[in-house]
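Please look over the chain shown here and ask how each label applied to it is justified. The exchange that follows sets values against definitions.

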Amino acid sequence: MEMELNKEELRLWQSVYRGCVRREETLEAVVPDTMPDVAELLDADAAVFLRSRETEDGAVTAVLQLTGTVLCRGEGEKGVFAVPLNASVSCRWEDAAIAREDQVQLRLAVPAADARLLNPRKLLLRCDLEAEAECFREEVLAYASGAESGELQQRRSTGSVSVVSAVGEKTFVITEEFPLSGAEDAESILHSRVQYMLEDVRNMAGKAVVQGKLLMEVLYTVPGQDVPCLQSFTAPFSQIVDAPGEVSAARFTLLPTAEYVESMSGGYGSGGFSLEAHLVAQVVFTEEKEITYLSDAYSTHCPVELERCETRLRSQRREVMRHVSIRENVDLAESAERVLWCYVTAETPEAAEGGRCRLTAHAHVIYVNERGEIAGKNARLQTEIEGGEKDCCNMALLPQESYASPAGRGLEFRLGMEWRGWEDESWVMAPLSAVTLRDEEPFNLAARPSVTAVCSSDEDLWTLARRYASTVELIESANPGTRESGGFLLIPRAR
């Protein structure tokens with residue numbers, strides 16, 4: 001006779017696919033007629049923005065915009081000018097596990113870029129593109145919590161797991177104006193970089209509130225000067241996203257879709273820069289769940305056939321953060337008089353030998369050399385930390401502070417970065433999916449002793465009760481007090 005089991009349901013979102021595309025992209029540009037022939041390339045940088053995204057059965061496709069800037073020094077000139085480059089590219093992730101209804105979250109980055117001169121009027125920019133896609137799908141997990149039967153001995157197991165309760169996103173726009181406050185107005189913007197740093201995520205009254213700050217750096221020219229100027233600006237931002245009921249935590253990632261930095265002229269000391277940034281806040285909500293399920297059963301009167309359904313639940317990633325410092329000297333062909341600008345990009349960490357993780361950063365420096373000319377240096381710096389035994393695809397290296405200063409015939413770099421790792425944790429449950437009593441084959445209880453004495457061992461009472469057709473309650477009643485290893489236990493037979 002098959003027993004009727006009581007069923008419970010758990011609604012959750014499971015990560016069904018995660019894949020990372022790493023490839024090289026090249027962009028070419030012709031120097032505009034208004035600019036001189038290029039004598040030297042000083043720096044190259046690039047950023048990536050999401051333009052569109054489409055999910056279908058078996059594939060995710062994203063159209064991206066690569067925007068690059070190459071800083072150059074012209075023939076016979078001391079000043080600096082910038083050559084912009086733009087290209088539309090697409091990334092495609094293909095896998096049979098992907099379905100049209102999946103919620104997709106992306107991570108985009110250009111960890112490294114460099115340029116080379118094809119001729120004095122044409123240059124090529126090479127970019128390392130990293131694009132990661134993760135697909136979430138809503139599922140209903142049904143499991144047995146027990147059975148309505150007085151003759152069936154039932155064992156229940158309980159476990160706690162942090163599950164993804166919802167996945168969503170919200171688009172928003174940041175607009176800011178930054179005055180120069182006493183400095184001369186910009187003639188032209190050479191290059192700008194914007195970083196978005198999340199500082200705090202709170203759950204308040206059914207809403208997730210994320211707070212952060214942006215750092216914008218602008219390198220620009222002013223009339224009558226060969227050496228460009230650098231200004232840095234910061235501004236706070238926050239966003240509120242509705243949470244689906246009670247949640248334990250929320251994980252945010254920001255995905256830029258467009259950035260516009262423009263110069264505001266207003267006379268000496270009253271100009272500045274404006275920023276319009278379009279972003280997508282991607283959010284994963286998690287909830288702590290305690291699950292109690294039917295894990296074992298037997299009868300004291302007849303054999304029982306059990307069927308199990310093993311289920312692996314991927315627990316929400318546990319974030320681990322660590323501050324990492326890199327300090328290194330890099331030689332130059334000629335001495336640097338002073339540093340104008342230093343910024344850092346970082347590659348995705350890689351596994352190294354001995355359970356370590358290799359971190360690679362690219363430090364970009366614009367400086368004035370000993371002849372008073374503008375020069376540039378791109379240094380690739382590495383270090384290793386403990387943690388390489390984990391899945392490095394779940395790690396990120398985020399630049400925080402970067403400094404470069406002249407040191408003899410070279411530069412001393414001091415980089416401060418934040419290493420973040422997300423540890424995937426899995427919890428396996430094996431609830432009973434079917435219980436069948438073979439009551440047509442009853443035990444011959446008369447052939448069994450009414451009481452059995454056994455030497456106490458490390459076996460639990462459930463295992464002993466099942467073996468000798470007893471129950472945990474009967475054994476506890478017959479053996480009051482503390483159970484001592486090596487002693488004897490009386491095991492009454494169930495009637």
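**Labels and their grounds**

Q: What makes S2, S3 and S4 a sheet, and in which order do the strands lie?
A: The 3 strands form an open sheet in the order S2-S3-S4 with antiparallel pairing, where strands are DSSP runs of E of at least two residues, numbered from the N terminus, and two of them pair if DSSP finds at least two bridges between them. The model is a predicted one, in which local features need pLDDT of at least 70 and side-chain atom pairs count only at pLDDT 80 or more, while totals for chains, interfaces and linings use all residues. Residues are numbered from 1 along each chain as its sequence is written, and side-chain values use heavy atoms, with hydrogens and water left out.

Q: Which are the edge strands of the sheet S2-S3-S4?
A: Strand S2 (38-56) and strand S4 (80-94) are the edge strands, since each pairs on one side only. The twist averages 15 degrees from one strand to the next, with axes taken as lines fitted to C-alpha atoms and angles running from 0 to 180 degrees between N-to-C directions.

Q: How do you know that S2 and strand S3 pair?
A: Antiparallel S2 and S3 (residues 59-74) are joined by 16 bridges, and the rule asks for at least two, so the two strands count as paired. One of the bridge partners in S3 is Ala-59, which belongs to Glu-56.

Q: What joins strand S8 to strand S9?
A: Between S8 (residues 188-204) and S9 (residues 207-221), which run antiparallel, there are 15 bridges. In S9, Val-209 stands opposite Arg-202, and Gln-211 is the bridge partner of Asp-200. The hairpin of S8 and S9 has 2 residues between the strands, and Ala-205 takes a positive phi near 50 degrees there. S8 and S9 also belong to an open antiparallel sheet of 3 strands in the order S8-S9-S10, with S8 and strand S10 (229-242) as its edge strands.

Q: Why is the pair of Trp-341 and Tyr-343 called tilted?
A: Rings of Phe, Tyr and Trp (its six-membered ring) pair if their centres lie within 6.5 Å, and planes under 30 degrees apart count as stacked, over 60 as edge-to-face and the rest as tilted. By this rule the count comes to 6 aromatic pairs. Trp-341 and Tyr-343 stand 4.9 Å apart, centre to centre, with 45 degrees between the planes, and therefore the pair is a tilted one. Ring pairs also link Phe-178, Tyr-220, Phe-233 and Phe-273 into a cluster.

Q: Why are Trp-341 and Tyr-343 described by the word they carry for accessibility, buried or exposed?
A: Buried means under 20% relative accessible area, exposed over 50% and partly exposed in between, with a 1.4 Å probe and protein chains only. Trp-341 counts as buried because its relative accessibility is 1%, and Tyr-343 is buried because its relative accessible area is 2%.

Q: Is Ile-374 buried or exposed, and where is its place?
A: Ile-374 has its place in strand S18 (residues 374-386), and its relative accessible area of 2% is why the residue is called buried. Ile-374 and Leu-340 are 34 residues apart in sequence and 9.1 Å apart in space, C-alpha to C-alpha.

Technical notes: Helix = DSSP H or I, 4+ residues; strand = E, 2+ residues; numbered from the N terminus.
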